[in-house]
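User: Please take a close look at a single part of this model and describe how the residues there are placed and what they touch. I would like one connected account rather than a list.

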Amino acid sequence: MMIVVDIDVMLARRKMSVAEFAEAVGITPANVAVLKNGRAKAVRFTTLDAVCRVLACQPGDILRWVPDEELAEVSAAP
């Protein structure tokens, strides 16, 4: 299983740059990249709260679960 972070989608909808977002949330642009690229191992609730506050969204708007079967299908596609 994998949790996918769709911050790019929300940033595009809000017409917000990564730098603006990072500053508003209180994290570094490098940490935003870690979230966006799916390399984060954990997210603090305080950070998730700040992300949702800045983007005016719910956690489910930026986080989604992808079953292993779907990941295998995507990986096997040419």
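The request below concerns one residue and its surroundings. Where does aspartate 6 lie, which residues does aspartate 6 touch beyond its sequence neighbours, and what is the setting around that place?

Analyst: The model is a predicted one, and the account starts at the residue you ask about before moving outward. Aspartate 6 sits in the loop that runs between strand 1 (2–5) and helix 1. Once residues up to four places away in sequence are set aside, aspartate 6 touches Asp61, Ile62 and Arg64. With a relative accessible area of 19%, aspartate 6 counts as buried, because the limit for that class is under 20%.

One of those contacts is also a charged pairing, since the side chains of aspartate 6 and arginine 64 meet in a salt bridge with an N to O distance of 2.6 Å. This pair links distant parts of the chain, with aspartate 6 in the loop between strand 1 and helix 1 and arginine 64 in strand 2, 58 residues apart. Side chains of opposite charge can pair when their charged atoms come close. The two partners fall into separate accessibility classes: aspartate 6 is buried at 19%, whereas arginine 64 is partly exposed, with a relative accessible area of 41%.

The count of salt bridges comes to 2, and the other pairing joins the side chains of lysine 36 and aspartate 8 at 3.2 Å, N to O. Here too the pair links distant parts of the chain, lysine 36 belonging to helix 3 and aspartate 8 to helix 1, 28 residues apart. Lysine 36 is partly exposed at a relative accessible area of 27%, and aspartate 8 is likewise counted as partly exposed, at 43%.

Ile62, which is among the contacts of aspartate 6, leads from the loop into the nonpolar interior. The largest nonpolar core has 18 residues, and Ile7, Phe21, Val25, Val51, Leu55, Cys57 and Ile62 are the members that touch the most others. Helix 1 (7–14), helix 2 (18–25), helix 3 (29–36) and helix 4 (45–55) each supply at least two residues of this core, and helix 4 gives the largest share, 6 residues. Valine 51 is in contact with Phe21, Val25 and Ile62, again not counting residues up to four places away in sequence.

Methionine 10, placed in helix 1, shares part of this neighbourhood. Its relative accessible area is 2%, which makes methionine 10 buried. Leaving aside neighbours within four places in sequence, methionine 10 is in contact with Leu55, Cys57, Asp61 and Ile62; Asp61 and Ile62 also appear among the residues that aspartate 6 touches. The C-alpha atoms of methionine 10 and leucine 55 are 6.9 Å apart in space, although the two residues are 45 residues apart in sequence.

Strand 2, where arginine 64 lies, also takes part in the surface. Tryptophan 65 has its place in strand 2 (residues 63–66), and Ile3, Leu63 and Trp65 form a nonpolar surface patch with about 300 Å² of accessible area together.

To return to your question, the place of aspartate 6 is a loop between strand 1 and helix 1, where aspartate 6 is buried and its side chain meets that of arginine 64 in a salt bridge, while its contact with Ile62 reaches a residue that is among the core members touching the most others.

Conventions
Residues numbered from 1 in each chain as written. Predicted model: local features only at pLDDT ≥ 70, side-chain atom pairs only at ≥ 80, totals over all residues. Heavy atoms only, no water. Core = buried A, V, L, I, M, F, W, Y, C linked by side-chain atoms within 4.5 Å. Buried < 20%, exposed > 50% of the residue type's maximum accessible area, 1.4 Å probe, protein only. Helix = DSSP H or I, 4+ residues; strand = E, 2+ residues; numbered from the N terminus. Contact = heavy atoms within 4.5 Å. Patch = residues over 30% accessible without salt bridge, like charges linked within 9 Å, V, L, I, M, F, W, Y side chains within 5 Å. Areas by Shrake-Rupley, 256 points an atom, 1.4 Å probe, with all protein chains shown as cover. Salt bridge = Lys/Arg side-chain N within 4 Å of Asp/Glu carboxyl O.
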